[in-house]
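Please open the model in your viewer, colour it by secondary structure, and keep the sequence panel in sight. The stops below say what to select next and what is there.

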Amino acid sequence: MNHSNFNGSISREALERYLSRAITAADLVNSDTLDDDLRMIRNIGAKFLGRASGVWTLEPDDEAHFRKSRTLAERVHEVDPDIMLQTCIFEAIFKGVENIEIPDWVFKAFQLPVERRTFRFADMLFDGKPHGYVWDDNGGIPNIEKQETRLWFFYRAASYIDAGFEAIHMGQIHLYTAEDTGFTKTMALFEKIRDYAKSNARRGIVLLDAHTHGVNVKGRLLFDFHSMPYSRMPILDKPGDKLALVQEGFSEGGLTPSGWSCDALPVIMELDNWGGQFFDEKEGIPEERRAWMEWWGYDQISWFASQDDESRNRFLEYALKWTAVNNTNAYLQMPVRRTLGSCRIQITAWGTGEESSSSCYQANTPGEGCPLGFGQEETIKRLWQSETDLRQRAGNPLPNTSYGAEDSYDPETGIKLPARVILFGSFQHHLGAINHDSNSETTRMYYVGDGIYKRSFVFPFRGSFEYAVAPYGTLSQLYSIDNYPRSGSETRSTLEIECENTVVTFVFNIRSRSLTAYVI
């Protein structure tokens, strides 16, 4: 990538290059291991640093926060001027906003008379106080319908742009826009932020995203890309806390702010945090019960951090492959730095050999610069360097597109081809379904033409698995070991998976009645 001026827009190719090298570097602005963090960022080749600044609760000195953010951006761009830094404006405001004076330029941007006053906390809240929207006397969710909220959002966005940030995560967009019918006020605010970036950002652009499936208003998309946390299905037949990711993540398409159109906007998938650990070891909660408590009793990043080193490395490989196979427009945002909330992980400190309690996951290779590094740095580097054409070779259609064959006929026989073809067997619970469910949409195959159906999966664990295919999803006509149909029998083909995180593409030719599994 080149250090270039985007002039207010970014091509899809350039955007996906950034997202394919995205990391979560939450609160990097306050890192006490920044020198080593920057070394790691250079080493792995990261290009998009997610959540590197931004606050949930306000820091005591807001001006000092933006000075620190500017210093961080300068140091990062000394390492690599092409890196794009992301900050956050969350769906949370606190009474402390009344200590922050509104700059003259904010009033002028909204064509309002300049006043000497601070932000007004009460003027940002939802008047009706919906359940969960006003937390107490000191905090709540802001209402974008209120002008005071829009002044606040613009102030923060412009201040981060001035500090050298080129992307802003806009939090839970569907909460603070609850009363903005048609997203009218939100679109006007975002346009104002983007116009400011054209004249003031370091490369004339700011990319906006949020936790959303997307907002399309009259064919135009509100965001430059989307962000989503993963979902999961626990796997109870494996020892330890094992899980499989579950396909989700509808991403709305349309005309992007940069002027190009898409059926589905590119999206980054992340390991989110929302509290840390939600159980006490002393409670002795049975494994089967805890498996369904969030992520085995943790939020996502705390579950990941609580695994042993080998399991963390293996999961990153699995998640990278799973994402490429199940959504060709999605990219794994590699976890590099994120708070563990209430969770505390015991880790052996480099150099001393003593056990220490860590409240922050850091992927750094442990060393003098980061004694409590969790050690996924080289794994991330290896996975990125080895990533080739998996999306092209094994990628399935988008979750929100047709499976095909709705009105297709065999040209030789005139027989209508089935629109639903289900692959099933003893492997389905590793993919988020129920084993031997011949009617599961989770393992439905898609039609590619000429009587051929395909579907790719990532098998997270080794083992021997039975499989068969059910046209129409019924048990009246099954195919597996040969080209003769069976009916409701136990006849199944067998697939031997020798390596964890193996990508397999299944191909069913309904004209030759053959079912084949190819290891990618």
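Which residue in S28 is the bridge partner of phenylalanine 506? Select phenylalanine 506 and follow its pairing into S28, where the partner is alanine 517. Please keep in mind throughout that this is a predicted model.

**Strand S27 and its partners**

Extend the selection to the whole of strand S27, residues 502–509, where eight of the eight residues are buried. In a regular strand the side chains alternate between the two faces of the sheet. For S27 both faces are covered, with Thr502, Val504, Phe506 and Phe508 buried on one side, and Val503, Thr505, Val507 and Asn509 buried on the other.

Now add strand S28 (residues 514–519), which runs antiparallel to S27 and is joined to S27 by six bridges. S27 and S28 form a hairpin with four residues between them, and arginine 513, which sits in the turn, has a positive phi of about 60°. Next, select strand S24 (residues 452–459), which is also antiparallel to S27 and is joined to S27 by eight bridges; here phenylalanine 457 stands opposite valine 504 of S27.

Move then to asparagine 501, which lies in the loop between S26 and S27. Is asparagine 501 buried or exposed? Asparagine 501 has a relative accessible area of 1% and therefore counts as buried. If you leave aside its neighbours within four places in sequence, its contacts are Arg314, Glu317, Tyr318, Lys321, Val458, Phe459 and Pro460.

**The three-stranded sheet**

Select S22, S25 and S26 together: they make an open sheet of three strands, in the order S22-S25-S26, with antiparallel pairing. Strand S22 (421–425) and strand S26 (493–497) are the edge strands, each pairing on one side only. On average, neighbouring strands of this sheet are turned by 35° against each other, direction ignored. Five bridges join S22 to strand S25 (residues 463–471) in an antiparallel arrangement, and leucine 423 stands opposite valine 469 in S25.

**Two nonpolar cores**

Turn next to the largest nonpolar core, which has 110 residues and in which Ile23, Leu49, Met170 and Phe315 are those with the most contacts. Helix H5 (residues 147–162) gives the most to this core, contributing nine residues. A second, separate core has 22 residues, among them Val421, Leu423, Tyr479 and Ile510.

Centre the view on isoleucine 23 and show what surrounds this side chain. Not counting residues up to four places away in sequence, isoleucine 23 touches Ile41, Ile44, Ala46, Phe48, Leu49, Gly50, Gln333, Met334, Val336 and Trp384.

**Helix H2**

Select helix H2, residues 34–44, and show its buried residues, which are Leu34, Asp36, Asp37, Leu38, Met40, Ile41 and Ile44. What do the buried residues of H2 pack against? They pack against four strands and two helices in the following list: strand S1 (22–25), strand S2 (48–50), strand S18 (334–339), strand S21 (360–362), helix H3 (62–79) and helix H11 (377–386). Just after H2, look for glycine 45, which takes a positive phi of about 85°.

**Phenylalanine 94**

Go on to phenylalanine 94 in strand S4 (residues 93–94). Phenylalanine 94 has a relative accessible area of 17%, and buried means under 20%, so this residue counts as buried. Leaving aside neighbours within four places in sequence, phenylalanine 94 is in contact with Trp56, Thr57, Phe121, Trp135, Asn138 and Gly139. To see a long span of the model, draw a distance from phenylalanine 94 to serine 476: the two are 382 residues apart in sequence and 62 Å apart in space, C-alpha to C-alpha.

**The whole protein**

Finally, zoom out to the full protein, whose secondary structure comes to twelve helices and 28 strands. Its C-alpha atoms fill a box of roughly 80 × 60 × 50 Å along the principal axes. The radius of gyration is 25 Å, which agrees with the value near 24 Å that a compact globule of 520 residues would have. Of the 520 residues, 57% count as buried, and the accessible surface comes to about 21,800 Å², of which 47% belongs to carbon and sulfur atoms. Among contacts between residues at least 6 apart in sequence, 68% join residues at least 24 apart.

Technical notes: Residues numbered from 1 in each chain as written. Predicted model: local features only at pLDDT ≥ 70, side-chain atom pairs only at ≥ 80, totals over all residues. Heavy atoms only, no water. Pairing = 2+ DSSP bridges. Axes fitted to C-alpha atoms, helices over the stretch in contact; angles between N-to-C directions. Core = buried A, V, L, I, M, F, W, Y, C linked by side-chain atoms within 4.5 Å. Buried < 20%, exposed > 50% of the residue type's maximum accessible area, 1.4 Å probe, protein only. Contact = heavy atoms within 4.5 Å. Rg over C-alpha atoms; globule rule 2.2 N^0.38 Å. Areas by Shrake-Rupley, 256 points an atom, 1.4 Å probe, with all protein chains shown as cover.
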